[in-house]
Each structure stands twice: as C-alpha cells, then as structure tokens.
Amino acid sequence: MTTSPTEEHTTAVRVGLRIRLDNSFSSGPLDGAWWPQSRDLQEEAADLIDHFPHRVGRISRLLYSRPDWDSGGGASSAHKIRAARGFVKVGSFPSDDTHLVVLSMASGYRLRLLVVPHDTNAERAEEIMEQAADDRNTQRPAQLLGLDGPDQSHIGQQIWDDDGAH
C-alpha cells in the first residue's frame with residue numbers, strides 16, 4: 001500500500017515542545033530558544049501556547065519575525081492564533097530578520113526567544129538552544145545562528161507598549 005504526500009503529512013508524528021529557557025530571565029539579549037517543527041506559524045505557535053511550561057506562566061500575546069515562517073498559510077497577515085485554550089493575539093515585527101518570538105505573558109513579563117530553524121541538524125539545534133538559554137550569553141540571535149546581519153534583538157522591547165499590537 002502506498003500513501004500520498006498528504007497522508008504522510010497528516011500522520012507525521014510530532015515530538016514534545018522543543019524549548020529551552022533561561023531560568024533567571026536576566027537582561028541579556030535572549031531568554032531562551034524555541035525549535036519549532038515546521039514553518040507553519042499557526043501550528044507551531046498553537047503548540048507553543050498550549051504546551052508552554054506552566055511554571056513560567058501563560059502566553060497572552062506573541063510577536064514573530066516573518067522570515068521564520070511560510071507566508072502561504074497567512075503568516076504575514078496573522079493577527080490571531082487559535083490554540084486549544086483559545087485565541088491569542090499575534091503580530092509581526094515592523095522590520096524583520098530578528099529570528100525571535102517575543103512572548104507577552106499574562107503577568108505582563110516579556111520573554112525573547114530565539115527561533116531555531118526547524119530544519120537545523122539536531123546536534124546543532126541543541127547547541128544553539130543551550131547557548132541561547134545560558135544567562136551568560138551575550139550573542140545576538142543572528143550570531144547564534146551563524147548569520148551576519150544588523151542587531152535587531154532590541155526591537156521586541158518596544159512593541160505593544162501602547163497595547164496596540166502593531
């Protein structure tokens with residue numbers, strides 16, 4: 001019996017949430033890293049929202065970097081993510097290529113997570129995530145990913161200060 005690509009996709013086994021957090025949540029450039037399993041913003045963000053560690057808190061909003069996600073599913077125009085626990089407001093960075101998600105927690109606290117590309121080699125992804133979650137880390141997201149580009153890691157600190165989500 002053969003299966004079509006569609007059947008294979010729907011039966012793909014997902015693994016648990018791949019996230020590493022810095023428990024001190026210091027003032028460094030990152031608070032940890034997230035390694036999604038695909039470039040589908042809806043599916044991956046819903047997984048993050050529904051399985052985020054309860055000890056840290058509940059995600060109330062999510063700000064993402066457009067280049068990390070496929071636009072075919074509406075990533076560039078997404079305003080809400082439907083998760084099992086309900087809808088969460090989302091937005092994207094006004095200028096991009098940050099390789100970050102900024103999570104606004106229900107407590108008001110914000111977390112900056114490096115987005116490790118889904119197709120990164122497992123050994124390398126674990127290494128990057130460990131570095132990003134190290135409270136002594138001073139490297140920007142692009143540096144950790146081995147990319148060269150301007151430092152935009154500060155951008156998530158200014159979004160949604162006016163509760164406008166734009």
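Two strands are taken as paired if DSSP finds at least two bridges between them. In the predicted model described here, strand β6 (residues 100–105) and strand β7 (residues 110–115) satisfy this criterion, being joined by five bridges in an antiparallel arrangement. Within this pairing, Val102 has Arg112 of β7 as its bridge partner, and Leu103 is matched in β7 by Leu111. The two strands constitute a hairpin in which four residues lie between β6 and β7. Gly108, located in the turn, adopts a positive phi of about 100°.

The hairpin belongs to a wider architecture. The protein chain contains four helices and seven strands, and their succession along the sequence is α-β-β-α-β-β-β-β-β-α-α. The seven strands are assembled into an open sheet of mixed pairing, with the order β1-β2-β7-β6-β3-β5-β4. Strands β1 (19–21) and β4 (80–83) occupy the edges, each pairing on one side only. From one strand to the next, the twist averages 30°. Two helices are found packed on this sheet. Helix α2 (residues 41–51) touches β1, β2 (32–34), β3 (59–64), β4, β5 (86–92) and β6, and the direction of α2 makes about 60° with that of β4. Helix α3 (residues 122–132) touches β1, β2 and β7, with a direction at about 25° to that of β1.

Strand β6 also pairs with β3, again in the antiparallel sense and over five bridges. In this pairing, Ile59 stands opposite Met105 of β6. Burial of β6 extends along the strand, as six of its six residues are buried. Leu100, Val102 and Ser104 point one way from β6, whereas Val101, Leu103 and Met105 point the other way. For the chain as a whole, buried residues make up 45% of the 166 residues. Among contacts in the chain with a separation of 6 or more, 70% are accounted for by residues 24 or more positions apart.

The environment of Leu103 in strand β6 was examined further. When residues up to four places away in sequence are not counted, Leu103 touches Leu48, Phe52, Ile59, Arg61, Leu62, Tyr109, Arg110, Leu111 and Leu113. The C-alpha atoms of Leu103 and Leu62 lie 4.8 Å apart in space, although the two residues are 41 residues apart in sequence. Leu103 counts as buried because its relative accessibility is 0%, which is under the 20% limit.

Leu103 is also a member of the largest nonpolar core, which has 25 residues. The residues with the most contacts inside this core are Leu48, Phe52, Ile59, Tyr64, Leu103 and Leu113. Contributions of at least two residues each come from β1, α2, β3, β4, β5, β6 and β7. Helix α2 provides the largest share, five residues. A second core, separate from this one, comprises 15 residues and includes Leu63, Leu114, Val116 and Ala132. In soluble globular proteins, nonpolar side chains tend to be buried together.

Ring interactions were considered next. The count of aromatic pairs comes to one. This pair is formed by Trp34 and Trp69, whose centres are 5.6 Å apart and whose planes enclose an angle of 40°; the geometry is classed as tilted. The pair links distant parts of the chain, with Trp34 in strand β2 and Trp69 in the loop between β3 and β4, 35 residues apart. Both partners fall below the 20% limit for burial: Trp34 is buried because its relative accessible area is 1%, and Trp69 counts as buried because its relative accessibility is 3%.

Charged side chains were also found over aromatic rings. The charged end of Arg18 sits over the ring of Trp35, at 3.6 Å from the centre of that ring. In a second case, Lys80 lies over the face of Phe87, at 5.8 Å from the ring centre.

Conventions. Residues are numbered from 1 along each chain as its sequence is written. This is a predicted model: local features need pLDDT of at least 70, side-chain atom pairs count only at pLDDT 80 or more; totals for chains, interfaces and linings use all residues. Side-chain values use heavy atoms; hydrogens and water are left out. Axes are lines fitted to C-alpha atoms, for helices over the stretch in contact, and angles run from 0 to 180 degrees between N-to-C directions. Contact means heavy atoms within 4.5 Å. Rings of Phe, Tyr and Trp (its six-membered ring) pair if their centres lie within 6.5 Å; planes under 30 degrees apart count as stacked, over 60 as edge-to-face and the rest as tilted. Buried means under 20% relative accessible area, exposed over 50%, partly exposed in between (1.4 Å probe, protein chains only). A charge sits over a ring if NZ of Lys or CZ of Arg is within 6 Å of the ring centre and within 35 degrees of the ring normal. A nonpolar core is a set of buried Ala, Val, Leu, Ile, Met, Phe, Trp, Tyr and Cys residues joined through side-chain atoms within 4.5 Å.
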